[in-house]
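Reader: I would like a close look at a single part of this structure. Please take one helix and the strands beside it, and then go on to what surrounds them.

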Amino acid sequence: MTKTPVLITGAGPTGLVLALELAYHNVPFKIIDKAKGPGETSRAMLVVPNVLESYQKYGLDQTVTQQGVIPAFVHFYSNNTRIASLPLGIMGKGQSLYSYLVTFPQDEHEQVLLDKLNEFGIKVEWESELVGLKQVGEHSEVTIRENDAYQTETFDYVVGCDGASSQVRKQSGIDFEGETYEQVFYVLDAEVDGKIVEDDAGSFSFIKDYFALFFPLRNRETTRIIGMFPPDLSREGDLSYESLKPRLEAAFHIRILEMNWFSDYKIHARTANHFRKDNLFLAGDAAHIHSPIGGQGMNLGIGDAVNLGWKLAEVVNRKGPVELLDTYEEERKEIARFVVATTDRLFSLVVGDKTRSLMTRQLLIPVVARLADAFGPIQNRVYTLLSQLYIGYENSSLSQGERSEISPGQRLPYVDSEPFEFIRESGWQLHTFQPLDPELKGFCDRQGIKWVMRKWTNQTRDKGYKKDQRLLVRPDGYIGWAGREGHQEELYTYIRKWLTE
């Protein structure tokens, strides 16, 4: 048997991003997937600013934005009449370097990640599946089936990024609590002609018994349509594209010229009751699944990978205590529960009780859309939620120090005047607006902490920064510790606890 620090099961976006994080930090690992090769269908399509920020250090932020489509607007239609528009291209101005959302098909997204992983000399071991998992002391013995051959290997840590039917989750006995909705949905990628379809805009359309989302994909040559099967087709069990096509064309006044991909599915709302058990971890759909409303699922999984990746690197490279790994579940499970609960409430409003959902589609959504169209603060709030920039870890054990307008656990606020103030390649960083004394600077140097001397501007003041503030920023861009010049001993205590063995 061989021994490797980390096994990643599943080579979707979550597993590939975790692999990139580990490769970047020189952590040995193995990544396997039972599929024959990369996915060939579009599946998840939305990439949010929180993910683009994580991709900066690889240069993938530019790759995704250049190869994907950046919708300028999202329009709202009621009974095929446009009632409101949101300016997606500028809604997030001032909140992030990326003030927009990107639609980028999952198969192309995965290929970009695979290409970057290949630059590190790492390849996915396809047609390899975890079929056995046994805890032996502090390690895991894993049986892997590759074609018809079996082999057993030992790993320090196993991370299940293997989807909603995760073998890691099942074999570790972790419950996957939640429910499956009775409604049946469809996803369709096609060449579509009609007023509702635009090259640079998405559309939400609501009609009495229908609602659908339309978004441009693949250099605007393809339109993604997501919706719920008409109730009568669902009752008859007729979930064919041939039966659905004329219904969609008549309801939304469109022509479907060519179908590229079609699938039906049911929606689940589930969260694993643990994201960690001993040396096993769950991430992405293995840990949480929910309604696709808002396009949050894949992005949430990538956030799991980023959070866990740098923590595993700190521990495996002997730079941090093993207790650091406890904060993965502490931080990410709370976020997952919030997203699952929020999307569940929205989903139930739109497709739940017939009378209530009809009122929501015909009355509530048009009113909210018109308000968002008219008021900038509502647009900013919508952007914050969609972009996942609201995510914070204020209740985490890792978040310590002084709490003020900018507090431990928050994402380091973006400042327009200095868009590269956070250097993601540099790991832990101490941000100040005043010079450091030699003793503290020397201590930071010995611990591998980069000192970042920030510029004090009107913009930093307006964002809530204090001129005498000191912020210790984690490798993922969140504030670990916050304090002032007189809190130096507290800073030393924090660093000794979390950054050293």
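Author: Helix H7, residues 241-252, lies across four named strands: S11 (176-194), S12, S13 and S15 (254-272). With S15, the helix makes an angle of about 105°. This is a predicted model.

The strands under discussion belong to an open sheet of 8 strands with mixed pairing. Its order is S5-S4-S12-S13-S14-S11-S15-S18. At the edges are S5 (81-86) and S18 (288-289), each of which pairs on one side only. In general, strands of a sheet pair through backbone hydrogen bonds, either parallel or antiparallel. Strand S12 (residues 201-207) and strand S13 (residues 210-217) run antiparallel and are joined by 5 bridges. One residue pair can be named here: Ser205 has Ala212 of S13 as its bridge partner.

Now the domains. The domain assignment gives domain 2 as 179-268, domain 3 as 400-499, and domain 1 as three stretches, 6-40 + 104-175 + 273-351. Between the C-alpha centres of domain 2 and domain 3 the distance is 48 Å.

A pair of helices elsewhere in the chain can be described in a similar way. The axes of H12 (residues 438-446) and H14 (residues 488-498) come within 12 Å and cross at roughly 10°. An angle under 35 degrees counts as roughly parallel, and H12 and H14 are therefore roughly parallel to each other. From H12, the contact involves Glu439, Leu440 and Phe443; from H14, Gln488, Leu491, Tyr492, Ile495 and Arg496. Sorted by class, this contact has 5 nonpolar, 1 polar and 2 charged residues.

Technical notes
Residues numbered from 1 in each chain as written. Predicted model: local features only at pLDDT ≥ 70, side-chain atom pairs only at ≥ 80, totals over all residues. Heavy atoms only, no water. Domains from an automatic or database assignment. Axes fitted to C-alpha atoms, helices over the stretch in contact; angles between N-to-C directions. Helix = DSSP H or I, 4+ residues; strand = E, 2+ residues; numbered from the N terminus. Parallel < 35°, antiparallel > 145°, perpendicular 65-115°, else oblique. Contact = heavy atoms within 4.5 Å. Nonpolar A, V, L, I, M, F, W, Y, C, P; charged D, E, K, R; others polar. Pairing = 2+ DSSP bridges.
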